[in-house]
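Reader: I am in my first year and would like a close look at a single part of this model, namely one chain, and then at how that chain relates to its partner. Could you take me through it slowly?

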There are 2 protein chains.
Amino acid sequence: MNARHVFGENLRRLRQERGLTQETLAFEAGLHRNYIGGIERGERNVALDNIVKLAATLGVEVAALFEGVELGHSGTEE
Amino acid sequence: MNARHVFGENLRRLRQERGLTQETLAFEAGLHRNYIGGIERGERNVALDNIVKLAATLGVEVAALFEGVELGHSGTEE
């Protein structure tokens, strides 16, 4: 599972644990609901500013959104 | 200092601690040297895929690049 998918699943889990709908999270973070859906499906290459907005809105460290993302070592992948 | 600037300073510090030039880091991460310079100056809204590449190349957790980024709480800023 690639980084975008792991990030998206973390976002969905953290959102649901807080009882937030995609729409509520989107509103509170100042983003569009469809954009949140795309992130959760692993379709979006979310950038720094929005990563920070999402972490702040969920009340988590940025690290929580990257939990389980495989870093590996550059150049050593098969 | 905003999130992009804090991220950029973390990147510069971690790179220098490893004795890497911008050019070497860029080459190893598969990015352009000018792009690395822009990130370190806080000018770039780096996205997820490249954040992961940079962390992997530096051999750090993604959290290290976000260290000191102010999350605050959505909607409560002055």
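**A close look at chain A**

Author: Read from the start of its sequence to the end, chain A of this predicted model follows the pattern α-α-α-α-α. Put as a count, the secondary structure of chain A comes to 5 helices and 0 strands. The radius of gyration of chain A is 13 Å, close to the 12 Å that the globule rule gives for 78 residues, and therefore the chain is as compact as a globular protein of that length. Along the principal axes, the C-alpha atoms of chain A fill a box of roughly 40 × 20 × 20 Å.

Turning to the inside of the chain, 36% of the 78 residues of chain A count as buried, where a residue is called buried if 20 or more other C-beta atoms lie within 10 Å of its own. If one takes the contacts in chain A between residues at least 6 apart in sequence, 59% of them join residues at least 24 apart.

The partner comes next. A turn of 180 degrees, with a shift of 0.0 Å along the axis, lays chain B on chain A with an RMSD of 0.0 Å. That is the relation of a two-fold axis. In chain B, the C-alpha nearest this axis belongs to Ala47(B), and it lies 1.8 Å from the axis. As for where the copies touch, 100% of the interface residues of chain B are also interface residues in chain A, so the two copies meet through the same surface.

Technical notes
Residues numbered from 1 in each chain as written. Chains lettered and ligands numbered in written order. Predicted model: local features only at pLDDT ≥ 70, side-chain atom pairs only at ≥ 80, totals over all residues. Helix = DSSP H or I, 4+ residues; strand = E, 2+ residues; numbered from the N terminus. Rg over C-alpha atoms; globule rule 2.2 N^0.38 Å. Buried ≥ 20, exposed ≤ 12 C-beta atoms within 10 Å, placed from the backbone. Contact = placed C-beta atoms within 7 Å. Least-squares fit on C-alpha atoms with pLDDT ≥ 70 in both.
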